[in-house]
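Visitor: I should like to learn how to read a protein model feature by feature. May we begin with the overall plan and then turn to single residues?

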Amino acid sequence: MDDRIVVDRIKAKETTANGLYLPESRRQEHVGRVVAVGPGYRVGSGENQGQYIPLAVKLDDIVFYDPRNIVQYERPNGETLFVMKESNVLGKLSGEDSEDF
């Protein structure tokens, strides 16, 4: 998998905390939880060959991602997962910040 991650999309909330309806254009559709992470970026040649630079994204991080250039995979149970390079990640939340999602 090298520099790729697998993301399980989080269903966008349809209402605000105050109960106001959010139109589809205002929902955050490209948000998900990281469920698998590759070993990282493969290092060039010489004595470092075969080593990896770890990814900044970790398991269970909440990520905001660019929907272009990703692979969509539908599991037999109907769940859809997205495989993407770490470079598709626009931002992430981790730790206590991710509990709201």
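Visitor: In what order do the elements of the protein run from the N terminus on?

Guide: This is a predicted model, and its elements run β-β-β-β-β-β-β-β from the N terminus. The count is eight strands and zero helices.

Visitor: What pLDDT does the protein average, and which strands have the lowest and highest mean values?

Guide: pLDDT is the predictor's confidence in each residue, from 0 to 100. The protein averages 85, and 87% of the residues score at least 70. Among the elements, strand β3 (residues 41-42) has the lowest mean, 87, and strand β7 (residues 80-85) has the highest, 95.

Visitor: How much of the protein counts as buried, and what does the exposed area consist of?

Guide: Of the 101 residues, 28% count as buried. The protein exposes about 7,000 Å², of which carbon and sulfur atoms supply 47%. As for contacts with a separation of 6 or more, 63% of them are between residues 24 or more positions apart.

Visitor: Which residues make up the largest nonpolar core?

Guide: The core has 10 residues in all: I5, V7, V34, L55, V57, V63, Y65, F82, M84 and V89. Strands β1 (4-9), β5 and β7 each give two or more residues to this core. V7 shows how one core member is surrounded: leaving aside neighbours within four places in sequence, V7 is in contact with G32, R33, V34, V35, V63, Y65, L81, F82 and M84.

Visitor: How many aromatic pairs are there, and how is the geometry of a pair read?

Guide: One reads the distance between ring centres together with the angle between the planes; angles under 30 degrees count as stacked, over 60 as edge-to-face and the rest as tilted. The count here comes to one aromatic pair. Y65 and F82 form this pair, with 6.0 Å centre to centre and 40° between the planes, so the pair is classed as tilted. Y65 lies in strand β5 (residues 62-65) and F82 in strand β7, so the pair ties together parts that are 17 residues apart in sequence.

Visitor: Are Y65 and F82 buried or exposed?

Guide: Buried means under 20% relative accessible area. Y65 is buried at 3%, and F82 is buried at 9%.

Visitor: Where is N88 placed, and what does N88 touch?

Guide: N88 is in the loop between β7 and β8 (89-93). N88 is buried, with a relative accessible area of 8%. Not counting residues up to four places away in sequence, N88 touches F64, Y65, D66, R68, N69 and I70.

Visitor: What is the sign of phi in D60 and in N69?

Guide: Most residues other than glycine have a negative phi. In D60, however, phi is positive, near 75°, and in N69 phi is positive as well, near 60°. D60 lies in the loop between β4 and β5 and is partly exposed, with a relative accessible area of 46%. N69 lies in the loop between β5 and β6 (71-74) and counts as exposed at 73% relative accessibility.

Visitor: In which strand is I53 found, and with which residues is I53 in contact?

Guide: I53 is found in strand β4 (residues 52-53). Leaving aside neighbours within four places in sequence, I53 is in contact with P39, G40, Y41 and V43. I53 is partly exposed, with a relative accessible area of 48%. The C-alpha atoms of I53 and D3 are separated by 9.1 Å, although these residues are 50 residues apart along the chain.

Technical notes: Residues numbered from 1 in each chain as written. Predicted model: local features only at pLDDT ≥ 70, side-chain atom pairs only at ≥ 80, totals over all residues. Heavy atoms only, no water. Helix = DSSP H or I, 4+ residues; strand = E, 2+ residues; numbered from the N terminus. Phe/Tyr/Trp six-rings, centres within 6.5 Å; stacked < 30°, edge-to-face > 60°. Buried < 20%, exposed > 50% of the residue type's maximum accessible area, 1.4 Å probe, protein only. Core = buried A, V, L, I, M, F, W, Y, C linked by side-chain atoms within 4.5 Å. Contact = heavy atoms within 4.5 Å. Areas by Shrake-Rupley, 256 points an atom, 1.4 Å probe, with all protein chains shown as cover.
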